[in-house]
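Trainee: I'd like to take a close look at one part of this model with you, and then see how the rest is arranged around it. Could you walk me through it?

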Amino acid sequence: MGAICNTCFRHCHLKEGQKGFCGARVCRNGRVVCESYGYLTSLALDPIEKKPLAMFHPGSLVVSAGSYGCNLACPFCQNFTISQKRDREGTRYVSPEELLYLTEETKARHPETIGVAYTYNEMLTSWEYVRDAARLIHETDMLNVLVTNGTAEPAVLNELLPYIDAMNIDLKGFTDEFYTDFVGGNLAGTKDFIRTAAAHCHVEVTTLIILGKNDSEEEIAGAAKWLASLPSKEPIAYHITRYFPRWKLDTPATDVRTVYHLADVARRYLPNVFVGNC
């Protein structure tokens, strides 16, 4: 027996017992299930600005939960130790009900806590967990934040939109070549994801600037102009972030002046542009 995973554009054809590209989903008894469901590698209390969200309840805290696995393999991944992890070793099982309990406990001690952020790895590879936990969080009038690469099929996004209040979405570059050849992703699909999300919840977008890869004025101007054109509840905030060498890429860290210059380029089209890692 085998099955096709319909979580993202890859549509992995899996044999019985085989894991998908993301390492978080597996074929069991002829159907694809989320093997990473509830198995967390990371659980922390973070400032909302760390997600990064600059214009969504500034000054608040969120309980940040991360699992393992990712449907991309960016050679510059800043969290590769968990995004590229492919098993449950070293994880802790936290059910949606326990995550709610921990968040309520945290809020009692830190009243500025507003809810949960699903973050650190690509949590859409375990979207069922995000859906189930986010539903419980919403029932208590707390908020849900999703940090994502925006690489999921529309059906997955539609399952989550009723419960997600804010997203930070990676726009890794703005050319098909960069997405296809360098990160192994799908620019058109990511743009569709951003467009849909922006029409339903608060959205901020992040681009990690890498020397010689996605650092041209034309590319950042194109991304900013496109973001400004999207129907949204408020202007989309754009984060221009400095790259540091990680995992498989040893390109020198991006010059701070380049980051600030590209942020100024983006401000020609967007009112809310922020720099990161500088």
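Which helix does Ser 83 lie in?

Mentor: Happy to. Keep in mind as we go that this is a predicted model. Ser 83 belongs to helix α1, which covers residues 80-83. Its relative accessibility is 2%, so Ser 83 counts as buried. If we set aside the neighbours within four places in sequence, the residues in contact with Ser 83 are Gly 69, Cys 70, Cys 77 and Asn 121.

Another buried residue makes a good companion to look at, this time in a loop. Thr 254 sits between β13 and α8 (256-266). With a relative accessible area of 3%, Thr 254 is buried as well. Beyond its neighbours within four places in sequence, Thr 254 touches Ile 209, Ile 210, Leu 211, Arg 242, Tyr 243 and Val 259.

Two of those partners lead us on to Ile 240. Ile 209 and Val 259 are in contact with Ile 240, and they are also in contact with Thr 254. The other contacts of Ile 240, again without neighbours within four places in sequence, are Thr 207, Ile 220, Leu 262, Ala 263, Val 273, Phe 274, Val 275 and Gly 276.

Ile 240 also brings us to the nonpolar interior. In soluble globular proteins, nonpolar side chains tend to be buried together. Here the largest nonpolar core has 67 residues, and Ile 240 is among those with the most contacts inside it, along with Phe 76, Leu 99, Tyr 118, Met 167, Leu 227 and Tyr 238. The element that gives the most to this core is helix α3 (residues 127-139), with 7 residues. Apart from this core lies another, of 10 residues, including Ile 48, Leu 53, Ala 117 and Val 145.

Helix α3 is worth a second look for its charged side chains. Arg 135 and Asp 132 both lie in this helix, 3 residues apart, about one turn. Their side chains meet in a salt bridge, with 3.8 Å from N to O. Asp 132 counts as buried, because its relative accessibility is 18% and buried means under 20%. Arg 135, at 33%, counts as partly exposed. The pair is part of something wider: Arg 131, Asp 132, Arg 135 and Glu 159 are linked in a network of salt bridges.

The structure holds 14 salt bridges, and two others are good to set beside that pair. Lys 50 bridges to Asp 46, with the closest N and O atoms 3.5 Å apart. Lys 50 is exposed at 54% relative accessibility, whereas Asp 46 is buried, with a relative accessible area of 4%. In the other, Asp 255 meets Arg 257 at 2.9 Å, N to O. Asp 255 is partly exposed at 32%, and Arg 257 is exposed at 65%.

Now for the open spaces. The largest pocket holds about 910 Å³ of space. It is lined by 34 residues, and Lys 51, Gln 78, Asn 79, Val 147 and Asp 170 are the closest to its centre. The elements giving two or more residues to this lining are β10 (143-148), β11 (166-170), β12 (202-209), β13 (237-242) and β14 (273-276). By class, the lining divides into 13 nonpolar, 14 polar and 7 charged residues.

The second largest pocket has about 180 Å³ of space. Its lining counts 14 residues, with Ala 152, Glu 153, Pro 154, Gly 189 and Asp 192 nearest the centre. Two elements, α4 (154-160) and α6 (187-198), each give two or more residues to the lining. The largest share, 5 residues, comes from α6. This lining has 5 nonpolar, 7 polar and 2 charged residues.

Finally, there is an enclosed space to find. A search of the whole structure gives 1 cavity of 30 Å³ or more, and about 80 Å³ of space lies in it. Its lining includes Cys 5, Cys 8, Cys 12 and Cys 22, together with Arg 10, Arg 25, Asn 71 and Thr 125. By class, the lining of this cavity has 5 nonpolar, 5 polar and 2 charged residues.

Terms used: Residues are numbered from 1 along each chain as its sequence is written. This is a predicted model: local features need pLDDT of at least 70, side-chain atom pairs count only at pLDDT 80 or more; totals for chains, interfaces and linings use all residues. Side-chain values use heavy atoms; hydrogens and water are left out. On a 1 Å grid over the protein atoms alone, a cavity is a set of points where a 1.4 Å probe fits but cannot get out, and a pocket is an open set with protein on both sides within 12 Å along at least five of seven lines; lining residues have an atom within 4 Å of a point. Grid points are joined across faces, edges and corners, and a volume is the space filled by probe spheres set on the points. Helices (H or I, at least four residues) and strands (E, at least two) are DSSP runs, numbered from the N terminus. Ala, Val, Leu, Ile, Met, Phe, Trp, Tyr, Cys and Pro count as nonpolar, Asp, Glu, Lys and Arg as charged, and the others, Gly among them, as polar. A nonpolar core is a set of buried Ala, Val, Leu, Ile, Met, Phe, Trp, Tyr and Cys residues joined through side-chain atoms within 4.5 Å. Buried means under 20% relative accessible area, exposed over 50%, partly exposed in between (1.4 Å probe, protein chains only). Contact means heavy atoms within 4.5 Å. A salt bridge is a side-chain nitrogen of Lys or Arg within 4 Å of a carboxyl oxygen of Asp or Glu.
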